[in-house]
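This briefing gathers computed details of a single structure, arranged by topic for a reader who wishes to check each one against the coordinates. Please keep the sequence and the structure at hand while reading.

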Amino acid sequence: MAHIHDLTALEQAAAVRTGELSPVQITEHYLERIERLDPGLGAFVTVTADRALAQAREQEARLAAGDTGDLPPLLGVPIPIKDLNFVKDVPLHFGSATYEGFVAPADDSVVERLRDAGTVMLGKTSTPEFGMPCYTETYLHEPARTPWDITRSAGGSSGGAAAAVAAGLAPAAQGSDGAGSIRIPASVCGLFGIKPSRGRISAGPIIPDLAGLSTNGPLARNVADAAALLDVMAHNNPGDLYHAPAPELGSFSAYVGREPGRLRIARFATPAVPGAEVHPDVLAAYESASAVLESLGHEVEEIAPPFGPDVVPEFVKMWFSFSCMHPVAEELEPKLRPLTAWLRERGRAVSAPEFLQAQGTLQLATRFALLVTDAYDAVLSPTVTQPPVPVGWFEDVESPEETFERMMRFAPFAAIYNVSGQPAVNLPLYWTPDGLPIGVMLAGRFGEEGTLISLSSQVEASVGGFWGDRRPPMW
């Protein structure tokens, strides 16, 4: 039998059902790997070993009692939670030293959904301060690094989640995405990640919807695991501002392995952010993906970028404002990282009319952009503009403003789909000659994650299961 961490999440769930593996065996295996491999990787900020083992033992007792009639779909499968999400009675830092000592008073409803599905929570994965940067470096712990080269960043803000899955410290993970925070780390860690449609997954009961930029979503090594997690995570709560239509086939897993038919796929590789340049290796990944899609019989057509540089200042105003959402006592503000302090200073300077005007401008731009993209079944672009960058690269400048400029130029493609609310995925299709992963992004029509899953599954099968069975050196 393969090592437990070689199995997919769904294979682990099947092994638990047949009795080939027990939830305790699986949990102990991952806890041992975390203890041994996470130092130097920075995937976890909190490991909840006792809690995880208690959950696994409860599940084992249920199986031993013969309660197999209606088992939850992911019974015994370890799924860590990002440290921006509430897990009752577990420390919650939001990536910030200003929240040391804070313990979550309740569960996010997406955490409840994952627990009800039978998953075991190994701990909280690391995230940058308040989830604002696209790299995961904090004052709480070591940086999150891609296991393909631990001198390089795992991205952000779901950097810890991506590092954990890519290094085999968890079979899959929950993440969240407000401007690319699932897709960026999926690209630099060689994973499949889904940013769902706006309103697909409730942020309740505590976290507000606001402009609908951010959503929870799955990170996984393969399409089937990600679809299964999305099925579990998808839900709404009373009071949610946004709702997405249910999948036509009844579940997202039903689209895995389903032939998508011949699709019309648009493509573009021109960033909306002025001054952003696309690295030759990223362009090679983009061209390679285009060739794969054409080889599968799809029509790939060049289009002008659906969003232009005029939307960037409006998005930036909103991003500045959102950096102020987490309350920080005045005496604790010196514990903020320089970038966060700079973002919050500018956020406080944005007036309410300016914020509303920015949101209105982005909505108008979205209405025009969808007239273009809705004519296609999917839209292909790079996910980020560069291969994985060295740890510290974003802050190796003279000011937080320059750090922010580097962030925008590194990840100018992903945020446009947070603005529009469209679903988007990262496909781990390309590795550089040095063995570094570079993803490409596919976006779809609003509510049509199923099409992206069907297409991604087809692409995955065409290049070999698990994207050619690639594994990082520490695997």
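Two strands are said to pair if DSSP finds at least two bridges between them. The model described here is predicted, and the points below take up the pairing of one strand, a set of aromatic rings, two charges placed over rings, and a buried aspartate.

**Strand E9 and its partners**

- Strand E9, which spans residues 378–382, is mostly covered, since 5 of its 5 residues are buried.
- E9 is joined to strand E11 (residues 437–444) by 5 bridges, and the two strands run antiparallel; within this pairing, Ser381 stands opposite Met441 in E11.
- Strand E7 (residues 264–267) also pairs with E9, here in the parallel sense and over 3 bridges, and the bridge partner of Ala266 is Val379 in E9.

**Aromatic pairs and a cluster**

- The structure holds 16 aromatic pairs, and one of them is formed by Phe94 and Tyr99, an edge-to-face arrangement with 5.0 Å centre to centre and 80° between the planes.
- Phe94 and Tyr99 are both buried, and both belong to one aromatic cluster that is made up of Phe86, Phe94, Tyr99, Phe102 and Phe130.
- Phe320 and Trp342 have ring centres 5.5 Å apart and planes at 90°, so this pair is edge-to-face, given that planes over 60 degrees apart are counted in that class.
- The pair of Phe320 and Trp342 links distant parts of the chain, with Phe320 in helix H9 (residues 312–322) and Trp342 in helix H10 (residues 338–348), 22 residues apart; Phe320 is buried, as is Trp342.

**Charges over rings**

- The charged end of Arg337 sits over the ring of Tyr139, at 4.7 Å from the centre of that ring.
- Arg471, for its part, lies over the face of Trp475, and the distance from the ring centre is 5.0 Å.

**The buried Asp108**

- Asp108 is located in the loop that runs between strand E2 (81–82) and helix H4 (109–116).
- Although Asp108 is buried, it has no salt bridge, and the nearest side chain of opposite charge, that of Lys124, is 7.8 Å away, whereas a salt bridge would need a side-chain nitrogen of Lys or Arg within 4 Å of a carboxyl oxygen.
- Leaving aside residues up to four places away in sequence, Asp108 touches Asn85, Phe86, Ala203, Gly204, Pro205 and Ile207; among these, Phe86 is also a member of the aromatic cluster described above.

Technical notes: Residues numbered from 1 in each chain as written. Predicted model: local features only at pLDDT ≥ 70, side-chain atom pairs only at ≥ 80, totals over all residues. Heavy atoms only, no water. Helix = DSSP H or I, 4+ residues; strand = E, 2+ residues; numbered from the N terminus. Buried < 20%, exposed > 50% of the residue type's maximum accessible area, 1.4 Å probe, protein only. Lys, Arg positive; Asp, Glu negative; His and termini not counted. Contact = heavy atoms within 4.5 Å. Phe/Tyr/Trp six-rings, centres within 6.5 Å; stacked < 30°, edge-to-face > 60°. Lys NZ or Arg CZ within 6 Å of the ring centre and 35° of its normal.
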